[in-house]
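Visitor: Could you take me through one loop residue up close, and then show me what else is worth a look around it? Keep it casual, please.

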Amino acid sequence: MLCAPDITPNLPADFLGLTLGDVVAAGGVVTCAVCGHATDEAPFHLRAAELTTADAIVTDAQGRPVVTRNRYGDGAVIVLLPEYAVQDEQFEARDVRGVRQQYRPLLRFVPHLLEH
């Protein structure tokens, strides 16, 4: 499993099954192509992608791939196109010692994706 920001030009296109594009704004309903489960998401940054041999296993309301799977050898390569699968909005919280921490919540579809 790879996150789009970590993909380098050294990875071959046939390994990924896609070509990365620009970062775009996304949010709203994302749908699992495996089972049809829909999740309403907060805004997030999405790396656009043109699929070559990969399949979109999660798409957004505009039909853009959010998560892809490319069969490679005896396995598969999963690519998360949202920036580290976290929401855009950053929150501040204090831990038990009173230390301030910044965090961005995980996108809501991720636990469902991991069930597959």
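Guide: Let's start at Gln87, which sits in the loop between β6 and β7 (91–94). This is a predicted model, so keep that in mind throughout. Loop or not, Gln87 is buried, with a relative accessible area of 8%, and the cut-off for buried is under 20%. What is Gln87 in contact with, leaving aside its neighbours within four places in sequence? One set of partners is Ala42, Pro43 and Phe44; another is Arg104, Pro105, Leu106, Leu107 and Arg108.

Now step back to β6, the strand before that loop. The largest nonpolar core has 24 residues, and β6 supplies the largest share of it, four residues. At least two residues each also come from β2 (18–32), β3 (38–51), β4 (55–60), β5 (65–72) and α2 (109–115). Within this core, the residues touching the most other members are Val58, Val66, Val67, Val79, Phe109 and Leu113. In soluble globular proteins, nonpolar side chains tend to be buried together. Take Val79 from that group: not counting residues up to four places away in sequence, Val79 touches Leu2, Ile7, Leu16 and Leu18, plus Val66, Val67 and Thr68.

On to the rings. If you search the whole structure for aromatic pairs, you find one. Phe15 and Tyr72 make up that pair, and their geometry is edge-to-face: 5.0 Å centre to centre, with 85° between the planes. Phe15 belongs to helix α1 (residues 13–16) and Tyr72 to strand β5, so the pair ties together parts that are 57 residues apart in sequence. As for accessibility, Phe15 is partly exposed, at 23% relative accessible area, and Tyr72 also counts as partly exposed, at 36%.

Last stop, the cysteines. How many disulfides does a search of the whole structure find? Zero. Cys32 and Cys35 show why: the sulfur of Cys32 has its closest cysteine sulfur in Cys35, 3.8 Å away, and that is too far for a bond. Going from Cys35, the closest cysteine sulfur is the one in Cys32, again at 3.8 Å. The cut-off here is 2.5 Å between the sulfur atoms. Their surroundings are worth a glance too: Cys32 is buried, with a relative accessible area of 6%, whereas Cys35 is partly exposed at 45%.

Definitions and conventions
Residues are numbered from 1 along each chain as its sequence is written. This is a predicted model: local features need pLDDT of at least 70, side-chain atom pairs count only at pLDDT 80 or more; totals for chains, interfaces and linings use all residues. Side-chain values use heavy atoms; hydrogens and water are left out. A nonpolar core is a set of buried Ala, Val, Leu, Ile, Met, Phe, Trp, Tyr and Cys residues joined through side-chain atoms within 4.5 Å. Buried means under 20% relative accessible area, exposed over 50%, partly exposed in between (1.4 Å probe, protein chains only). Contact means heavy atoms within 4.5 Å. Rings of Phe, Tyr and Trp (its six-membered ring) pair if their centres lie within 6.5 Å; planes under 30 degrees apart count as stacked, over 60 as edge-to-face and the rest as tilted.
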